[in-house]
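Student: I should like to examine one part of this structure closely. Please take me through that part in a single connected account.

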Amino acid sequence: MSAGRLDAYPRLQRFSRALLRIAMYLRRPRKLLAQLRYTLLLGRCGRNCDFESDMLIRNPRNVSMGDRCTFSAFVVLDAHDRITIGNDCMFALRVTVSTATHDYENTPMNRETLTRPVVIGNDVWFGVGATVLPGVTIGDGAVIGAQALVTKDVPPRAIVVGIPARIVKYREPGEKAAR
């Protein structure tokens with residue numbers, strides 16, 4: 001066996017990953033508690049999702065997510081309405097997804113809360129500090145740039161940046177990471 005190459009030995013690879021995960025949880029027990037809490041409380045939680053201890057999910061029963069989603073610290077999923085997240089999504093530091101807002105034409109404004117669901121496709125990457133507002137649908141393979149404010153639907157494979165978020169380009173269909 002060549003050094004560092006476990007590809008030919010999938011059982012050994014799974015075992016080494018399990019050992020690394022156990023070691024991480026022993027060093028960071030709060031992360032283990034967050035994993036357990038959100039895995040049990042979410043409306044639907046896929047396999048191999050990774051939650052940070054410093055993230056917040058309001059109304060977790062309204063959140064449904066696919067497999068292999070990862071969340072950094074201080075992510076907020078404010079689920080007054082449904083939030084649906086696909087597979088393989090990545091949420092960087094301080095990302096906020098909101099499903100509620102107030103009607104500024106009412107007096108007082110806090111009299112009524114307006115809610116709309118948010119749908120996030122597969123393989124979506126959120127940069128640091130990105131914010132998604134109620135009623136938005138984000139297509140598969142989209143990239144939301146750092147500090148972007150998403151107020152409208154994002155098409156599949158689009159890269160959006162800015163306030164409000166605007167499309168700057170599209171990811172190429174065959175684009176893959178170099179391994």
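Student: In which loop is Pro 164 found?

Tutor: Pro 164 is found in the loop between E17 and E18. The model is a predicted one, in which local features need pLDDT of at least 70 and side-chain atom pairs count only at pLDDT 80 or more, while totals for chains, interfaces and linings use all residues. Residues are numbered from 1 along each chain as its sequence is written, and side-chain values use heavy atoms, with hydrogens and water left out. Strands here are DSSP runs of E with at least two residues, numbered from the N terminus, and two strands pair if DSSP finds at least two bridges between them.

The loop that holds Pro 164 belongs to a hairpin: E17 and E18 have four residues between them, and Gly 162 in the turn has a positive phi of about 100 degrees. The peptide bond from Ile 163 to Pro 164 is cis, with omega near -10 degrees. Most peptide bonds, by contrast, are trans.

On either side of this turn, E17 (residues 158–161) and E18 (residues 166–170) pair in the antiparallel sense over four bridges. Within that pairing, Ile 159 has Lys 169 of E18 as its bridge partner. E17 also pairs with strand E15 (residues 143–144), here in the parallel sense and over two bridges. In this second pairing, Ile 144 is matched with Val 160 of E17.

The hairpin is part of an open sheet of six strands, in the order E4-E7-E12-E15-E17-E18, with mixed pairing. E18 and strand E4 (70–71) stand at the edges with a single partner strand each, so one side of each is left without a neighbour in the sheet. Further along the order, strand E7 (residues 90–91) and strand E12 (residues 125–126) run parallel and are joined by two bridges. There Met 90 stands opposite Trp 125 in E12.

A further cis peptide bond joins Thr 107 and Pro 108, with omega of about -5 degrees. Pro 108 lies in the loop between strand E9 (100–102) and strand E10 (113–115).

Positive phi values also occur at residues other than glycine. Asn 59, with phi near 55 degrees, is placed in the loop between E2 and strand E3 (63–65). Asn 48 has a positive phi of about 60 degrees, and its place is in the loop between strand E1 (44–45) and strand E2 (56–58).
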